[in-house]
Amino acid sequence: MTASSPFTAPLAEVYDLAVIGGGINGCGIAADAAGRGLAVFLCEQHDLAAHTSSASSKLIHGGLRYLEHHEFRLVREALGEREVLLGMAPHLVRPMRFILPHRPHLRPAWMIRAGLFLYDHLGARHSLPGSRHLTFGAGCPLKAEISEGFEYSDCWVDDARLVVLNAMSAREHGAHIHTRTRCIGARRSKGLWHLQLEREDGSRLSLRARSLINAAGPWVEQVLREGLHQPSSRHMRLIQGSHIVVPRLHDGEQAYILQNTDGRIVFVIPYLQRFSLIGTTDREYHGDPAAVQISDEEIDYLLEVVNAHFRKQIERRDIVSHFAGVRPLYDDASGNPSTITRDYHLELSDERGSPPLLSVFGGKLTTYRKLAEAALEQLAPFLPHMGPPWTASSKLPGAEELESVSALAEALCDAHGWLASDLARRWAGSYGTRAWQLLEDVHCLMDLGENFGAGLYAREVDYLCEEEWAQSAEDILWRRSKLGLLLGPMQQQKLVRYLQTQKTGGSEAAPVVVHGRLVPRAVPPQAGNEGASPRPLQR
């Protein structure tokens, strides 16, 4: 399980670019830079996508609501990126139709029609169908008094896997990716950045780089202040967003976007066939970004909005899981957290010819690729050997020669007649054509190794550890996959023991609880949901 350890490759004498932060922005920048021929190093203090980038609503969207705040540039850019990301990772990004129930006392129909007209025409749209008006019939899951609405297109994505695939792309273009490695300090000297890093085991390493990018997300100001001793004219506001997961609320593959009296919206999104993902909230957050948890008030808020729209009513006891994250938004002096810009801002500091520092403030999942291009454009004068932009027509790992997820799943089953169709579909949708690696030298079900439940076998676990930087059960169950929703506490602990045995070379160690998030609260499963684990603390 150490064949692809991030520490097997020797450090370069001098890197062109060092990146602090293994979220979507940091990994996106690293992938773009490495593909342009730069020598790239990235460090992440925890796991890839451990925080903000795995706690999103999992949407690739233009941001219909942002039109009300006149964020036309951001919406145009995001709308265009939907089509780009559909081409880059069709196994992770899929089109989804969204239904917006009309509530006349909240927004008049003419305003919604105008907004959807802009949404249809503001950005490039080639494959996604446009919006339309709807009249709801008797079979509609919404309450009887909601008789009409609107439908439009956006996309869904597995957010954490999108981060991992960008890290893999960076590595395959020569970048060095070090997870669980924290930058404890950096200084400029003799035309280079000198970085001091500390691994999770307490060991340290140092390196030099010609340029430095601070993409630490919620920690960007802390890195500037404490690690780099740099002033900044820009500031962040940390906004908490929380989600709940409940048994499926409606049939069909469409999502719902629900309006509320406070002007915000709440999504109800089909999730892993059996569930509905509901979110998000907006509230100022002032604590440790790594310790954010959903509040009782947020749970009540989400339940209230959903129950105001759906015939099927839900209660706290229906919640099978929940998670919360902190969105690091650029402080635009807005008084209302929901109106703070989701746009990104880049701050360049080069101190009269000394090696440049670029700090990333804000941003959103959908526009990470454009942010990466903008960041490298600012560094181009300092790295004249950098190649041109290339990612707009690229494929992320697993998308190579991918006709469709369904065709791939069928091909996997045809080549391996013993392979269950549901497992083939999950692998095709998670790994794309890299799923063939999981089946190398595999001739029967027994060759997949130990079965942890829900179709998770040792072969997949080993792949995730060897190829995708996974080290803990939490990494595997809540980020590389979402199988934590389907595995009970005993099955999860079985996985922990397996990982411990692998790490210790066969001598079994005691189970470990990572960040308090592996073992769920002791809540019995609800009727009809016996297969799902009780709700975890964070994921």
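Here a trainee and a mentor talk through a predicted model and the words used to describe it.

Trainee: Let's start with confidence. What does the protein average in pLDDT?

Mentor: The average pLDDT is 90, and 91% of the residues score at least 70.

Trainee: Where does pLDDT stay under 50?

Mentor: That happens over residues 507–539. For this stretch the model has 93 contacts beyond four places in sequence. Where pLDDT is low, the predicted coordinates should not be read in detail.

Trainee: On to the helices. Why is H1 called oblique to H7?

Mentor: Helix H1, residues 24–35, packs with helix H7, residues 368–379, at an angle of about 60°. Angles of 65 to 115 degrees count as roughly perpendicular and those under 35 as roughly parallel. About 60° fits neither range, nor the one over 145, so H1 is oblique to H7. Their axes are 8 Å apart, and the crossing is right-handed.

Trainee: Which residues of H1 and H7 make the contact?

Mentor: On the H1 side they are Ile-24, Asn-25, Gly-28, Ile-29, Asp-32 and Ala-33. H7 brings Tyr-368, Leu-371, Ala-372, Glu-373, Ala-375 and Leu-376. By kind, the residues of this contact divide into 8 nonpolar, 2 polar and 2 charged.

Trainee: Why is Val-306 called buried?

Mentor: Its relative accessible area is 0%, and buried means under 20%. Val-306 therefore counts as buried. This residue lies in helix H6, residues 296–307, and touches Leu-249, Leu-258, Val-268, Ile-278 and Ile-314, leaving out residues up to four places away in sequence.

Trainee: His-61 has 13% relative accessibility, so what makes it count as buried or exposed?

Mentor: Set 13% against the cut-off of 20%: the value is under it, so His-61 counts as buried. You will find His-61 in the loop between strand S3 (59–60) and helix H2 (72–88). Apart from neighbours within four places in sequence, its contacts include Tyr-66, Arg-82, Asp-154 and Lys-364.

Trainee: Which residues of helix H9 are buried?

Mentor: In H9, residues 421–431, they are Leu-423, Ala-424, Arg-426, Trp-427, Ala-428, Ser-430 and Tyr-431.

Trainee: And what covers the buried residues of H9?

Mentor: The cover includes helix H4 (159–172), helix H8 (405–415), helix H10 (435–438), strand S21 (456–457) and helix H11 (458–467). Have a look just after H9 too: Gly-432 takes a positive phi of about 60° there.

Technical notes:
Residues numbered from 1 in each chain as written. Predicted model: local features only at pLDDT ≥ 70, side-chain atom pairs only at ≥ 80, totals over all residues. Heavy atoms only, no water. Axes fitted to C-alpha atoms, helices over the stretch in contact; angles between N-to-C directions. Helix = DSSP H or I, 4+ residues; strand = E, 2+ residues; numbered from the N terminus. Left-handed = near helix turned anticlockwise from the far one by under 90°. Contact = heavy atoms within 4.5 Å. Nonpolar A, V, L, I, M, F, W, Y, C, P; charged D, E, K, R; others polar. Buried < 20%, exposed > 50% of the residue type's maximum accessible area, 1.4 Å probe, protein only. pLDDT = per-residue confidence, 0-100.
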